[in-house]
Amino acid sequence: MTFLNNLYASFVIFCSNFNARFGHLINLVLILLFLALIFLLFWRTLRASLRVRHIRSELVLPAIEPERQQRYIQHLSEAIRIPTVTGDSRGLARLQELLQRQFPLVFSKFEVTRPQGGSLILRWKGADPQGRKPVLFCGHMDVVPTDGQEWKRDPFCGEVEEGVLHGRGALDCKNVVIGLMESAEELLEQGFTPGRDVYFAFGIDEETGGKQGAHAIAEYFSKKGISFEMILDEGSNITTSHLGNPKFPAALVGVAEKGSAVFRLTARTKAGHAAMPPQHTALGILCEAVCRVEGAPMHKRMLPVMRQCMTYSMPAMDFGSRAAVANLPYTSPLLFHFTRHNAQISSLFHTTFAATQASGSDAANVLPEEADATLNVRVLQGDTLESVQSYLEALLTDLPVTVELISGSEPSAVSETKGPCYDRLEATLKETFGSLAVIPAIMPAGTDTKHYTKLSDSIYRFMPFYTDPSTFAGIHAADESIRCDSFASGIRFYMGLIKKL
């Protein structure tokens, strides 16, 4: 409403100028300036549209023998059938035993290390490193629980139906673990040895933060004085319809990840009987606090890497969004408006808050002395845990609510999108999948790489498996699955990338 009022006031002033001295001349200049601005914006949009109109992205899967693909799927299916919910040490031990049976060459040729806690580190010694740093490939063996979810089949069935493998871990991320092991086993069968050292590191508790698994792995490397030219972990994937456009598949490579934090909001008032309530109970005050947080999101801004992401994504956009991107940074508010309903993209423009848990009184007729809510916060680069806490405290300063940081990690650094490591990833993607668009982006979710930030300046979060948006949404949800040809194609990517090292 304020915008409309200001627009109306500007129009009234413009009209009144006709009655003022030199008013016609001033208005003519204003009209010409306005038309020039419109022409400039349109010209920039048209130029950008002509530049990208011939850009095509095509997903072409590599040819793989049916027998070999069947072996891949059988191994992943067997891994899925072992429940390895975080904290299940017996299940995780069974999975490692399975890996040793499935990949005998890897375990006979690689140097095997098991840090305290039960994680797995595998070293493939290079033939001629020549001073080149090693490369680290990561994954995790644990999965999230299935409690309370309505699956159409047993979540640990590992069944294949119509070319789709079903089960918890199919996408997050036993596909990565088995895919890496398959690629190494097959290359060993071919007699291949990488030029430099290659490491695999598989954690046991990524789904709860990696404090035992990835943390112990990082400590092991630090004590050994080992750092890496590049680290590749799970993350974004190949989408068959980027920004909802089925004619534009794309590989989204996570070059950074947002920080993650848990804050507790606690409201305190006097306890009492529910028959004689005050105007506002602790729970009522807490509800107002949560509503304020939801109604006052942090300021949106365009990071350089996200501007690059949007620019590369222009062929998938409609004309309005393309116009907003072509005229950045002046049209950032317009782009934020166009993408406001796309939660995945919109979340990459600001720090986000999500109220996920709340508690109050233990009895229906008792006024709670205090009530608390949990905020899950994903911190965008440029913000910090301290600045987010200050923002929340300022927002709730007039309420009897305290803000407490329970746990958190700062946003990661942004890895290069021009240089040997990224170029190697991009070249391998195009060699494996054809003329596929490769687009850098920020990961909204967290990975184990938060523990590896001191081990490399080039950390990428990417899974070389294609999915449609609905399938990718199955991560952590019911009916998680992966297409069999998608899994097999991803193994070809890993093999191609290792050959380039």
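**Salt bridges, sheets and a nonpolar patch in the predicted model**

Arg153 is partly exposed, with a relative accessible area of 21% (buried means under 20%, exposed over 50% and partly exposed in between, using a 1.4 Å probe and protein chains only). The structure is a predicted model, in which local features need pLDDT of at least 70 and side-chain atom pairs count only at pLDDT 80 or more, while totals for chains, interfaces and linings use all residues. Residues are numbered from 1 along each chain as its sequence is written, and side-chain values use heavy atoms, with hydrogens and water left out.

The side chain of Arg153 meets that of Glu159 in a salt bridge, at 3.7 Å from N to O (a side-chain nitrogen of Lys or Arg within 4 Å of a carboxyl oxygen of Asp or Glu). Its partner Glu159 is also partly exposed, at 41% relative accessibility. This pair belongs to a structure that holds 23 salt bridges.

A buried pair offers a contrast in setting. Glu480 and Arg168 form a salt bridge whose closest N and O atoms are 2.7 Å apart. Glu480 sits in the loop between helix H15 (469–472) and E17, and Arg168 in the loop between E5 and helix H6 (174–189), so this salt bridge ties together parts that lie 312 residues apart in sequence (helices are DSSP runs of H or I with at least four residues, strands runs of E with at least two, both numbered from the N terminus). Both Glu480 and Arg168 are buried. Elsewhere, Glu65, Arg68, Arg71, Glu182, Glu186, Glu189 and Arg492 are joined into one network by salt bridges that share partners.

The strands flanking these loops, E5 and E17, also take part in a sheet. This open sheet has three strands in the order E4-E5-E17, with antiparallel pairing (two strands pair if DSSP finds at least two bridges between them). Strand E4 (160–161) and strand E17 (481–483) are its edge strands, each pairing on one side only. Two bridges link E4 to strand E5 (residues 164–166) in the antiparallel sense, and Glu161 stands opposite Val164 in E5. Helix H3 (residues 66–80) packs on this sheet, touching E4, E5 and E17, and its direction makes about 20° with that of E5 (contact means heavy atoms within 4.5 Å; axes are lines fitted to C-alpha atoms, for helices over the stretch in contact, and angles run from 0 to 180 degrees between N-to-C directions).

A second open sheet has four strands in the order E11-E13-E9-E14, again with antiparallel pairing. Strand E11 (352–359) and strand E14 (401–409) stand at its edges with a single partner strand each, so one side of each has no neighbour in the sheet. From one strand to the next, the twist averages 20°. Strand E9 (residues 259–268) and strand E13 (residues 370–379) run antiparallel and are joined by 10 bridges; Gly259 has Val379 in E13 as its bridge partner. Two helices contact the four strands. Helix H8 (residues 282–295) lies across E9, E11, E13 and E14, at about 15° to E13. Helix H13 (residues 385–395) packs on the sheet and touches E9, E11, E13 and E14, its direction making about 160° with that of E14.

Strands E1 and E2 are linked by a further salt bridge, in which the side chains of Glu111 and Arg123 meet at 3.3 Å, N to O. Glu111 belongs to strand E1 (residues 111–113) and Arg123 to strand E2 (residues 120–124), 12 residues apart. Glu111 is partly exposed, at 39% relative accessibility. Pro115, in the loop between E1 and E2, is buried at 11% relative accessibility. Beyond its neighbours within four places in sequence, Pro115 contacts Leu120, Ile121, Ala216 and Ile217. The C-alpha atoms of Pro115 and Ile217 are 6.5 Å apart, although the two residues are 102 apart in sequence.

At the surface, Leu25, Leu28, Val29, Ile31, Leu32, Leu33, Phe34, Leu35 and Ile38 make a nonpolar patch of about 850 Å² (patches are made of residues with over 30% relative accessible area and no salt bridge, joining like charges within 9 Å and nonpolar side chains, namely Val, Leu, Ile, Met, Phe, Trp and Tyr, within 5 Å). Phe34, found in helix H2 (residues 23–52), is exposed at a relative accessible area of 51%.

Overall, the protein has 16 helices and 17 strands, and 49% of its 501 residues are buried. Of the contacts between residues at least 6 apart in sequence, 80% join residues at least 24 apart.

Note on methods. Areas by Shrake-Rupley, 256 points an atom, 1.4 Å probe, with all protein chains shown as cover.
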